[in-house]
Amino acid sequence: MGTPSDRSKTIFDGGGNIDTNALFHAYEEQRSDDDSPIEVIFTLSRNLEKRLDSYLAVRIPFLSRTSLQRLIDERAVTVNEKNPKASTKLRKGDVVRVVLPPPPSTELQAEEIPLKILYEDKDLIVINKDDDIIVHPARSNKSGTIINALAWHFQHVSSGTLSTVGEEFARPGVVHRLDRHTTGVMVAAKTDTAHWRLSKQFEKRQTHKRYLAVVHGEVEPNSDTI
């Protein structure tokens, strides 16, 4: 059966499997400065004659076996707090912890929108995000986003594409986000390995962030650390 973490109590259906629509809405409702993944825990109530990837294919229906094996390889899945193999056989009492990517969204449309490219290689791209543009499509904004612009850039200007993680999931290539009216540096992944490893760095707070606020009016000449 599935036992959700505090952030994922509403994403199970009545059968103990992940409700794809509920998970999609949970990710959509995250604050734009919240980059932490949604995690779920399954506790085995009986012995199963199943491999780990086969078990998760039932519990997480929107992920293919290949995608689940990728999650396992990238250490987004643990069994009893250890890194398993896709072929690991599950037993009664095993605790399976999974970091869930967003479920599939609608097909992404490439749009010619100007981008300020700071750096790009075969694995990632770094941009300087402008004001008044959102990062990824959502229910009320299906176009005109950074991701639409990146899709066009990779098709017509650069080589490569958004990560293959992004081809299957919502928010393709998105490692972190910025608010619509927040400007600054943003990184997106072009490969699966870069996507998961960068996401892990953000999750473990290994990425250093610096913020600059412009204040109008008379202020005390002091600086603070946030």
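This passage describes a three-stranded sheet, two nonpolar cores, a buried helix and one buried threonine in a predicted model.

Because the model is predicted, local features need pLDDT of at least 70 and side-chain atom pairs count only at pLDDT 80 or more, while totals for chains, interfaces and linings use all residues. Residues are numbered from 1 along each chain as its sequence is written, and side-chain values use heavy atoms, with hydrogens and water left out.

Helices (H or I, at least four residues) and strands (E, at least two) are DSSP runs numbered from the N terminus. Two strands are taken as paired if DSSP finds at least two bridges between them. An open sheet is formed by 3 strands in the order E5-E6-E7, with antiparallel pairing. E5 and E7 stand at the edges with a single partner strand each, so one side of each has no neighbour in the sheet. From one strand to the next, the twist averages 15 degrees; axes are lines fitted to C-alpha atoms, for helices over the stretch in contact, and angles run from 0 to 180 degrees between N-to-C directions.

Strand E5 (residues 117-120) pairs with E6 over 3 bridges, and a hairpin of 3 residues joins the two strands. Tyr 119 has Val 126 in E6 as its bridge partner, and Glu 120 stands opposite Ile 125 of E6. On the other pairing, 6 bridges join E6 to strand E7 (residues 184-189); here Val 126 is partnered by Val 187 of E7. Strand E6 (residues 124-129) is mostly covered, with 5 of its 6 residues buried. Buried means under 20% relative accessible area, exposed over 50%, and partly exposed in between (1.4 Å probe, protein chains only).

The largest nonpolar core has 30 residues. Such a core is a set of buried Ala, Val, Leu, Ile, Met, Phe, Trp, Tyr and Cys residues joined through side-chain atoms within 4.5 Å. Ile 18, Phe 42, Leu 56, Ile 60, Val 96 and Val 98 touch the most other members. At least two residues of this core come from each of helix H1 (20-28), strand E2 (38-43), helix H2 (52-59), helix H3 (65-73), strand E3 (77-79) and strand E4 (95-100). E4 supplies the largest share, 4 residues. Not counting residues up to four places away in sequence, Ile 60 touches Ile 18, Phe 42, Leu 68, Val 98 and Leu 100, where contact means heavy atoms within 4.5 Å. A second, separate core of 14 residues includes Val 135, Ala 151, Leu 178 and Met 186.

Helix H2 is largely enclosed by the rest of the structure, because 6 of its 8 residues are buried. These are Leu 52, Asp 53, Ser 54, Tyr 55, Leu 56 and Arg 59. Their cover includes E2, H3, E3 and E4.

Thr 78 lies in strand E3 and counts as buried because its relative accessibility is 18%. Leaving aside neighbours within four places in sequence, Thr 78 is in contact with Asn 83, Pro 84, Val 95, Val 96 and Arg 97.
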